[in-house]
Amino acid sequence: MTAPPVDPLARVAPAYDGGSLADVLPSALAVLGVPGVADPLGLVPRLDGVRRVAVLLVDGLGWYQIPTAARYAPTLAGLAATAGRPLTSGFPSTTPTSLVTLGTGRAPGAHGVLGFRVRVPGTDRVLSHIEWTGDPEPLRWQPVATRFEQARAAGVAVTVVSRPEYGGSGLTLAANRGGDYRGAADVDELAVRMLTALAAGAGPTLVSGYHPDLDRHGHLSGVDSAPWRLAATEVDRLLARLVDGLPPDAALLVTADHGQLNVPWADRFDLDTDPRLRAGVRVVAGEPRVRYLHAEPGAVDDVVAAWSTVLGGAARVLTRDEAVATGWFGPVPEEHLRRIGDVVVVCQGTAAVVASRSENPVEARLVAYHGADTAAEMTIPLLVVRG
C-alpha cells in the first residue's frame, strides 16, 4: 500500500486526467467488454477473463483513514497492503457529488451535482441533494447518461444495492439510473444481495453496492471514536464476506466517496452569529468545509473582502470564476455555472464554517466533516480483488 501523504492537511488536486473516482466505472465496463470504453485505470490486463464485476463504495473510507481503521479491520488492512492504490475524489469531496461522479464517470462540472447543497438558479431555494425527492426533475438537473445505462445498453446485467429508503430518490436517479435497484438494510443483507446479483445469469454482470455507516459515525462521534471503530469492524465483515463469496470469474473493486477530518470546536466559524459573514450575502449553500455564497447585486467584492478578513488563513476565498479556473470541478458548462456560488470559500487546516441557526442545527455540532481539498478528505482507495 502506497503510504498516504505525510501531512493529512496537504492540498490535493482532483486527478481528472486519470486516477480519480470518475475512472472506476469506465475501467469496470472496459473489463466487461463494453465497446468503445477506455480503461483509464489499466484494469483490463489485470482482470483478464473476468465477466462479473462488483463495485463497493464505502462512504467515508478515505485512503488516509485506512491505517487508523486497520487496527479494527484486518481484511481491509490486508487488501490495502496487497491490492490497493490511492485515487482522488472529485471536488467538493462530498457524498452527492461523488456518487454522481462514480455513476456517470464524469467530473462534477459535467454532471452538475456540484455540492452537498446548491442554489437552484433563478430562485433563492437551496437544494439539499440528500433530501432531493424529484424537484428539480433529476434527468434535467443531471442530464449526463450514467455508466449503468451504458452498460445495460451493451447487454450487461446491472444491479444497484443500497439502503431501501434511498430507492427512487433524486440522488439515486441522478447517480444510479440504469441499474435494477435492490434494498439492503445492513451489511449482511448488502453482502447477500450483491453476491446473489453477481452470481445470477451467465453473461457480463455489473453490481454496485453502497454502505453509509462509517461516514455517519465519523460525523456524529469522530474518526477513531468508539462508534467509528465498531463501524470499521462492520466494514471489515462486509469485505470478508464479499471476498469469500466471489465467483471465480468475478472481481471486487472497493472505493469511497471521500475521507473525513475531525474539526476542533475552536476552529469553527459561525456565519449565523457573526454579522460580518452575513453582510451582502443573499443565499448560503455548500457545507461547513466548502461554502457557496450568492451575493446581493454588486456585493461580490465586499463579500470576498469580509470573508477573507474574518477567516484569514483558515480558508481560501475565491470568486466563482477563480474557483472554476483552478480546475477543481473540471470543465463547467454554462448551464451549471450558477449552481456554484458567486464566492467560493474552501476551508484549510481543520477549519469549518457552520450555520448554527439557518441550517440543520445537528450539522453544526458534528465532530468530523469533509468537502475540501485536503489529503484526508480527497484521497480515496481503490482495492482490486479477483475471485
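**Salt bridges and the domain interface**

Asp 188 comes out at 29% relative accessibility, which puts it in the partly exposed class. The model here is a predicted one, and Asp 188 is a handy way into its charged pairs. Its partner in a salt bridge is Arg 241, with 3.1 Å between the closest N and O atoms. This pair connects distant parts of the chain: Asp 188 sits in helix α10 (residues 187–199), Arg 241 in helix α12 (residues 226–245), and the two positions lie 53 residues apart in numbering. Arg 241 is likewise partly exposed, at 35% relative accessibility. In general, side chains of opposite charge can pair when their charged atoms come close. Across the structure, the tally of salt bridges is 24.

Next up is a pair with both partners buried. Arg 316 and Asp 373 form a salt bridge whose closest N and O atoms are 2.7 Å apart. Again, distant parts of the chain are linked: Arg 316 belongs to strand β13 (residues 315–319), while Asp 373 is found in the loop between β16 (368–369) and α18 (375–378), and the two are 57 residues apart. Arg 316 has a relative accessible area of 13% and, because the cut-off for buried is under 20%, falls in that class. Asp 373 is buried too, with just 3% of relative accessible area.

The side chains of Asp 342 and Arg 320 make a further salt bridge, at 3.0 Å from N to O. Asp 342 is located in the loop between α16 (334–337) and β14 (343–347), and Arg 320 in helix α15 (residues 320–325), so this pair ties together parts of the chain that are 22 residues apart in sequence. Relative accessible area is 19% for Asp 342, which is therefore buried. Arg 320 is buried as well, at 17%. Some salt bridges share partners: Arg 117, Arg 291, Glu 359 and Glu 363 are joined into one network in this way.

That network leads on to the domains. The protein chain is split into domain 1 (21–262 + 374–386) and domain 2 (265–369), with 27 Å between their centres over C-alpha atoms. At the contact between them, 33 residues of domain 1 meet 30 residues of domain 2. About 2,600 Å² of area is buried there, and carbon and sulfur atoms supply 57% of it. On the domain 1 side, the biggest losses of area to domain 2 belong to Phe 91, Arg 117 and Arg 119, which together make up 28% of what that side buries.

How many salt bridges are counted between domain 1 and domain 2? The count is four. Arg 117 turns up again here: its side chain meets that of Glu 363 in a salt bridge, 2.7 Å from N to O. By the domain bounds, Arg 117 falls in domain 1 and Glu 363 in domain 2. Polar contacts between the two domains come to 13 residue pairs. The elements that give two or more residues to the domain 1 side of this contact are α6 (108–111), β3 (117–119), α7 (138–141), α11 (213–221) and β9 (261–262). Sorted by class, that side of domain 1 has 16 nonpolar, 12 polar and five charged residues.

Conventions. Residues numbered from 1 in each chain as written. Predicted model: local features only at pLDDT ≥ 70, side-chain atom pairs only at ≥ 80, totals over all residues. Heavy atoms only, no water. Domains from an automatic or database assignment. Contact = heavy atoms within 4.5 Å. Buried area = accessible area lost by both parts, 1.4 Å probe. Polar contact = N/O pair within 3.5 Å; in protein donor to acceptor, adjacent residues only side chain to side chain. Helix = DSSP H or I, 4+ residues; strand = E, 2+ residues; numbered from the N terminus. Nonpolar A, V, L, I, M, F, W, Y, C, P; charged D, E, K, R; others polar. Buried < 20%, exposed > 50% of the residue type's maximum accessible area, 1.4 Å probe, protein only.
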